[in-house]
Amino acid sequence: MTALAIEIRGLQVRRERRTILSVDQLQVPGGAVLVILGPNGAGKSTLLHCLTGAVRPPPGSVRILGQDVGRLSTMALTELRRRVAHLAQVLAAGSEMPLLVREVVAIGRTGRAGLARPLTRYDWSLVDSWIERLGLQRVAGQSYSALSGGEQRKALLAMAMVQEPEILLLDEPTANLDVYWREQIVATLETLHRTQQLTILLVCHDLEAIPTTTRHVLVLRDGRVVAHGPCREVLTQDCIENLYGRGLSVLQHGSRYVLVPQPQEGPA
């Protein structure tokens with residue numbers, strides 16, 4: 001992997017004469033975890049789309065694994081995308097996907113191998129290996145749509161991992177999950193980072209969903225970077241009030257963070 005997995009310079013995305021994302025400079029070293037925070041409409045998902053080449057706006061430069069996304073041919077961009085797994089905002093639990101869990105996981109391998117080539121014995125062994133590693137053996141033969149929300153997220157993570165990515169882009173992977181499954185997904189991401197040397201970009205709203213392996217946080221608001229740096233320097237009370245207004249306190253326990261309501265003063 002290159003020293004810099006991601007490098008952005010002078011990126012601007014405009015729609016209907018309005019700037020929805022502006023990033024002057026961003027560098028993500030290979031093997032790092034970067035969490036992207038911000039309220040709705042801050043430009044978080046747009047940033048991930050720029051990294052996959054789905055949005056290729058001038059001006060600006062977006063380099064992924066040493067390649068300038070905006071200058072790649074369609075074929076070269078397809079090859080690059082095989083090295084970058086992108087899990088967009090996922091469907092709600094119970095969503096109708098008429099596939100078995102094993103088939104859903106295999107979609108990731110098809111993306112790596114190419115649609116024109118049937119999956120080989122090795123491909124299927126990799127599918128089954130990740131099903132086992134993420135603890136999905138019991139539900140592998142069940143319908144994906146019958147799974148709980150947390151099980152669906154794990155199946156989608158397995159789908160991403162059979163792609164053998166170098167970069168993993170995740171858009172709110174713990175959204176709408178209960179506390180148990182949120183912690184399961186966070187723990188899984190921590191394990192994947194430690195064991196696979198992945199570069200991970202994680203979009204989230206909740207500080208509780210930030211993995212302990214995260215070293216840097218990028219904060220967006222109204223499409224612009226308002227803070228970027230180590231967790232301890234960025235996740236401050238001032239930053240939280242700047243994003244969400246007063247009334248919330250940020251607490252740190254070890255390498256995890258949580259937002260709690262500030263106590264209200266009672267009547268005198």
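Is Glu 172 buried or exposed?

## Glu 172 and Glu 16

In this predicted model, Glu 172 is buried, because its relative accessible area of 16% falls under the 20% cut-off. The residue is found in the loop between strand E7 (167-171) and helix H6 (179-196), and it has a positive phi of about 55° although it is not a glycine. Such a value deserves attention, because most residues other than glycine have a negative phi.

Glu 16 also has a positive phi, of about 50°, and is not a glycine. It lies in the loop between strand E1 (4-15) and strand E2 (18-29). Glu 16, however, is exposed, because its relative accessible area is 81%, and exposed means over 50%.

## The hairpin of E9 and E10

Strand E9 (residues 216-221) and strand E10 (residues 224-230) run antiparallel and are joined by six bridges. Within this pairing, Leu 218 has His 228 in E10 as its bridge partner. Two residues stand between the strands of the hairpin, where Asp 222 takes a positive phi near 55°.

## Aromatic rings

The structure holds one aromatic pair. It is formed by Tyr 180 and Trp 181, whose ring centres are 5.4 Å apart, and because their planes meet at 80°, the pair is edge-to-face. Trp 181 counts as buried, because its relative accessibility is 16%.

Another ring, that of Trp 130, has a charged residue over its face: Arg 133 lies there at 4.0 Å from the ring centre.

Terms used:
Residues are numbered from 1 along each chain as its sequence is written. This is a predicted model: local features need pLDDT of at least 70, side-chain atom pairs count only at pLDDT 80 or more; totals for chains, interfaces and linings use all residues. Side-chain values use heavy atoms; hydrogens and water are left out. Two strands pair if DSSP finds at least two bridges between them. Helices (H or I, at least four residues) and strands (E, at least two) are DSSP runs, numbered from the N terminus. Rings of Phe, Tyr and Trp (its six-membered ring) pair if their centres lie within 6.5 Å; planes under 30 degrees apart count as stacked, over 60 as edge-to-face and the rest as tilted. Buried means under 20% relative accessible area, exposed over 50%, partly exposed in between (1.4 Å probe, protein chains only). A charge sits over a ring if NZ of Lys or CZ of Arg is within 6 Å of the ring centre and within 35 degrees of the ring normal.
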